[in-house]
Amino acid sequence: MLLALTFVAAPLFPHCDTLNGPVVAAARLALQQGDVTPVLKWIPPASESEVRGAFRQALAVRAKGAEARDVADRWFFETVVRLHRGGEGMAYTGLKSDMPEEVIARADAAIRKGSVDELANDLSKDVAAGVPLRFSRLMDASKSADQNVEAGRRYVAAYIDFTHYVEKIHQTGSDHEQQH
C-alpha cells in the first residue's frame with residue numbers, strides 16, 4: 001500500500017512527455033516496424049483515428065529522406081504525446097528531453113525486472129521518513145511562530161507541508177482500500 005502512497009504524496013511529474021519516455025518509445029517502435037499498434041495502447045480510443053492518420057502521414061514523409069524522416073518522427077511523437085496527455089486530462093506542453101524523476105526511472109526498472117520488492121521497500125522508507133521530517137520542521141517553526149509575521153509564515157508553510165503530506169497519504173490509502 002505504501003508504494004501507491006508515495007507516488008501521490010510527492011508532486012507528480014510526467015515522464016510520458018519526454019523523448020525517452022514510454023510513449024515516445026512506443027511511437028519509435030511503431031515507426032520502425034511500420035505498424036501503429038504498439039502506440040495505440042497509450043492513446044484514448046477517441047483519438048485512435050487521429051493517431052492512425054498521423055502515422056500514415058509520418059510514414060509517407062519519412063520516405064523522402066533523412067531530414068524529412070527526422071521532422072516526421074518528431075511530429076508524430078508530438079502528436080502521440082499530446083493525445084496521450086489529453087487522455088490523462090493533462091495539458092500538452094511540448095516534448096521534453098529531460099530524464100524522468102529518479103523514482104520514475106526506478107519504477108520503470110522494477111517493471112522491466114518484473115519485481116517491485118526493492119522499489120516498494122525503498123518507497124516505504126521514504127514515506128516513513130517523510131512524516132517525522134515534516135513534523136520536526138513544524139515543531140521547530142511553532143517555537144517562534146508568534147514572534148513576528150515572517151516567523152508565523154514559516155510556521156504556516158511548515159503546517160501546510162505537514163498536513164497536506166499526511167492528508168495525501170491518507171487519501172491515497174483510502175482510495176486504495178476502496179478499490180479492492
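Helices in this tour are DSSP runs of H or I with at least four residues, numbered from the N terminus. With that convention, Cys16 is placed in the loop between α1 and α2. The model under inspection is predicted.

**The whole chain**

Before selecting single residues, display the protein as a cartoon. Eight helices and zero strands make up its secondary structure, giving the pattern α-α-α-α-α-α-α-α along the sequence. Of the 180 residues, 33% count as buried. Switching to a surface display shows an accessible area of about 11200 Å², 56% of which belongs to carbon and sulfur atoms. Among contacts with a sequence separation of 6 or more, 59% join residues 24 or more positions apart.

**The loop between α1 and α2**

Select Cys16. Cys16 counts as buried because its relative accessibility is 10%, under the 20% cut-off. With residues up to four places away in sequence set aside, Cys16 touches Pro22, Val23, Trp42, Val81 and His84. Add Lys96 to the selection and draw a C-alpha to C-alpha distance: Cys16 and Lys96 are 9.2 Å apart in space and 80 residues apart in sequence.

Next, select Thr18, which is found in the loop between α1 (2-9) and α2. Is Thr18 buried or exposed? Its relative accessibility is 2%, so Thr18 counts as buried. Show the polar atoms around this residue. The side chain of Thr18 makes a polar contact of 2.9 Å with the side chain of Asn20. A polar atom of the Thr18 side chain also lies 3.0 Å from the backbone nitrogen of Gly21. Beyond four places in sequence, Thr18 touches Val24, Lys96 and Asp98. Lys96 has thus appeared twice, as a contact of Thr18 and as the far end of the distance drawn from Cys16.

**The largest nonpolar core**

In soluble globular proteins, nonpolar side chains tend to be buried together. In this model, the largest nonpolar core has 22 residues. Select Val39, Val51, Phe76, Phe77 and Val80, the residues with the most contacts inside this core. Colouring by helix is useful here: α2 (22-33), α3 (37-40), α4 (48-62) and α5 (66-87) each supply at least two residues of the core.

Centre the view on Val39. Which residues is Val39 in contact with, leaving aside its neighbours within four places in sequence? They are Val23, Ala26, Ala27, Val51, Phe76 and Val80. One of them, Val23, is also touched by Cys16.

**Arg85 in helix α5**

Follow helix α5 to Arg85, whose place is in that helix. Arg85 is buried, because its relative accessible area is 8%. Its side chain makes a polar contact with the side chain of Glu88 at 2.9 Å. Now return to Val23 and draw a second distance: the C-alpha atoms of Arg85 and Val23 are separated by 9.9 Å, with these positions 62 residues apart along the chain.

**Salt bridges**

Select the charged side chains. The structure holds twelve salt bridges, and three of these may be visited in turn.

- Arg62 and Asp73: their closest N and O atoms are 2.5 Å apart. Arg62 lies in helix α4 and Asp73 in helix α5, so this pair ties together parts that are eleven residues apart in sequence. Arg62 counts as partly exposed at 21% relative accessibility, whereas Asp73 is buried at 12%.
- Lys113 and Glu118: the closest N and O atoms are 3.7 Å apart. Lys113 counts as exposed at 59% relative accessibility, and Glu118 counts as exposed at 54%.
- Asp140 and Lys143: the closest N and O atoms are 3.6 Å apart. Asp140 counts as partly exposed at 46% relative accessibility, whereas Lys143 is exposed, with a relative accessible area of 67%.

**A nonpolar patch on helix α8**

For the last stop, restore the surface display and select Val156, Tyr159 and Ile160. These residues form a nonpolar patch on the surface, with about 260 Å² of accessible area together. Ile160 lies in helix α8 (residues 149-179). Why does Ile160 count as partly exposed? Its relative accessibility is 38%, and partly exposed means a value between the 20% limit for buried and the 50% limit for exposed.

Terms used. Residues numbered from 1 in each chain as written. Predicted model: local features only at pLDDT ≥ 70, side-chain atom pairs only at ≥ 80, totals over all residues. Heavy atoms only, no water. Patch = residues over 30% accessible without salt bridge, like charges linked within 9 Å, V, L, I, M, F, W, Y side chains within 5 Å. Areas by Shrake-Rupley, 256 points an atom, 1.4 Å probe, with all protein chains shown as cover. Salt bridge = Lys/Arg side-chain N within 4 Å of Asp/Glu carboxyl O. Buried < 20%, exposed > 50% of the residue type's maximum accessible area, 1.4 Å probe, protein only. Core = buried A, V, L, I, M, F, W, Y, C linked by side-chain atoms within 4.5 Å. Contact = heavy atoms within 4.5 Å. Polar contact = N/O pair within 3.5 Å; in protein donor to acceptor, adjacent residues only side chain to side chain.
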